Amino acid sequence: MNHLMLSAFYDNVNKNLGPTLMWVFFFLLIIELIYVSIKYVASPAKEKE
């Protein structure tokens, strides 16, 4: 029974945690890129002297 539980936990981590983390970091990257783009576009242009 212990082996069955460990195997189920390993399968859960192996098959669900990796793609979940990939999607979480993917969406965080998209949000960060949108945020930086908006900050860059909305910032006033600085003139060179």
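Is Ile-38 buried or exposed? Ile-38 is exposed, because its relative accessible area is 53% and anything over 50% counts as exposed. Keep in mind that you're looking at a predicted model. Here's a quick tour, from the whole chain down to a few rings.

**The whole chain**
- The chain has 49 residues, and buried ones make up 0% of them.
- Its secondary structure is easy to list: 1 helix and 0 strands.
- That helix, helix 1, covers residues 2-42, and Ile-38 sits in it.
- The chain's accessible surface adds up to about 5100 Å², with 72% of that belonging to carbon and sulfur atoms.

**The nonpolar patch**
- Ile-38 also helps make a nonpolar patch on the surface, about 880 Å² in area.
- Its partners in the patch are Met-22, Trp-23, Phe-26, Phe-27, Leu-29, Ile-30, Leu-33 and Ile-34.
- Trp-23 is partly exposed, because its relative accessible area of 45% falls between the 20% and 50% cut-offs.
- Phe-26 is partly exposed too, with a relative accessible area of 37%.

**The aromatic rings**
- Now for the rings: searching the whole structure turns up 3 aromatic pairs.
- Trp-23 and Phe-26 form an edge-to-face pair, with 5.6 Å from centre to centre and 90° between the planes.
- Where do Trp-23 and Phe-26 lie along the chain? Both are in helix 1, 3 residues apart, which is about one turn of the helix.
- Phe-27 joins in as well: ring pairs link Trp-23, Phe-26 and Phe-27 into a cluster.
- Trp-23, Phe-26 and Phe-27 are also among the residues that make the nonpolar patch.

Notes:
Residues are numbered from 1 along each chain as its sequence is written. This is a predicted model: local features need pLDDT of at least 70, side-chain atom pairs count only at pLDDT 80 or more; totals for chains, interfaces and linings use all residues. Side-chain values use heavy atoms; hydrogens and water are left out. Patches are made of residues with over 30% relative accessible area and no salt bridge: like charges are joined within 9 Å, nonpolar side chains (Val, Leu, Ile, Met, Phe, Trp, Tyr) within 5 Å. Accessible areas come from the Shrake-Rupley method with a 1.4 Å probe; for residues, only the protein chains shown count as cover. A salt bridge is a side-chain nitrogen of Lys or Arg within 4 Å of a carboxyl oxygen of Asp or Glu. Helices (H or I, at least four residues) and strands (E, at least two) are DSSP runs, numbered from the N terminus. Buried means under 20% relative accessible area, exposed over 50%, partly exposed in between (1.4 Å probe, protein chains only). Rings of Phe, Tyr and Trp (its six-membered ring) pair if their centres lie within 6.5 Å; planes under 30 degrees apart count as stacked, over 60 as edge-to-face and the rest as tilted.
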